[in-house]
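Dear colleague,

I am passing on the structure we spoke of, and I would be glad if you would look through it alongside the notes below.

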Amino acid sequence: QAAGFVVDAKEGRGQEGAKNAIQRHLDDGTLPDTVVIQVGTNGPVSKETYERIMSFLPPEEVPTVRFLTVHAPGMSYIADNNTLIWSLKWTYSNVDILDWDGLVTSGSIPGLASDGIHLRSAAAKQTYANLVFQVVGLLDERQTVP
């Protein structure tokens, strides 16, 4: 938020919660030109849900949408969710992808919780924030995460 982002994040928010949050911002006129989304860590997400989310984010109104892939060791739905996320890049001109799953798998994220999912340390939170800044082109806006 310190860099001017509207942050609407909630741990454990599922596909309906994410879709509803975007709809709420659209309805109240607070949907920004750049939207960063990570949904699908806590359960399977349907292709229709991703399509519905994107129906709220047309390129002429939201020119920059960045999806993060998801990572949850041992969860069988993760591969399918990530396949759907990657397909968005080829379907929608305003979508690009940050491969969170690849970064976590490669050991590039310091300080994750022992479950390999949650951002428990300051280092993990800062790395996540900096990656978001990077994918939206705000490298000089890095702030310290409290």
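What follows goes from the overall makeup to one pair of helices and then to a single loop residue.

Please keep in mind that this is a predicted model. The protein has five helices and three strands, and, read from the N terminus, these elements come in the order α-β-α-β-α-β-α-α. Of the 146 residues in the protein, 38% are buried, while the area that the protein exposes comes to about 8,000 Å², with carbon and sulfur atoms supplying 51% of it. If one takes the contacts between residues at least 6 apart in sequence, 64% of them join residues at least 24 apart.

Turning to the helix pair, helix 2 (residues 47–55) packs with helix 3 (residues 78–91) at an angle of about 35°, their axes being 10 Å apart, and the crossing of the two is right-handed. On the side of helix 2, the residues that take part are Lys47, Tyr50 and Met54, and they meet Asn81, Leu84, Ile85 and Leu88 of helix 3. Sorted by class, this contact of helix 2 with helix 3 holds five nonpolar residues, one polar and one charged.

The loop residue is Arg120, which lies between helix 4 (100–105) and helix 5 (122–135). Arg120 counts as exposed because its relative accessible area is 53%, and the cut-off for that class is over 50%. Even so, when its neighbours within four places in sequence are set aside, Arg120 is in contact with Glu11, Gly111, Ala113 and Lys125.

With best wishes

Note on methods: Residues are numbered from 1 along each chain as its sequence is written. This is a predicted model: local features need pLDDT of at least 70, side-chain atom pairs count only at pLDDT 80 or more; totals for chains, interfaces and linings use all residues. Side-chain values use heavy atoms; hydrogens and water are left out. Axes are lines fitted to C-alpha atoms, for helices over the stretch in contact, and angles run from 0 to 180 degrees between N-to-C directions. Helices (H or I, at least four residues) and strands (E, at least two) are DSSP runs, numbered from the N terminus. A crossing is left-handed if the near helix is turned anticlockwise from the far one by less than a right angle, and right-handed if clockwise. Contact means heavy atoms within 4.5 Å. Ala, Val, Leu, Ile, Met, Phe, Trp, Tyr, Cys and Pro count as nonpolar, Asp, Glu, Lys and Arg as charged, and the others, Gly among them, as polar. Buried means under 20% relative accessible area, exposed over 50%, partly exposed in between (1.4 Å probe, protein chains only). Accessible areas come from the Shrake-Rupley method with a 1.4 Å probe; for residues, only the protein chains shown count as cover.
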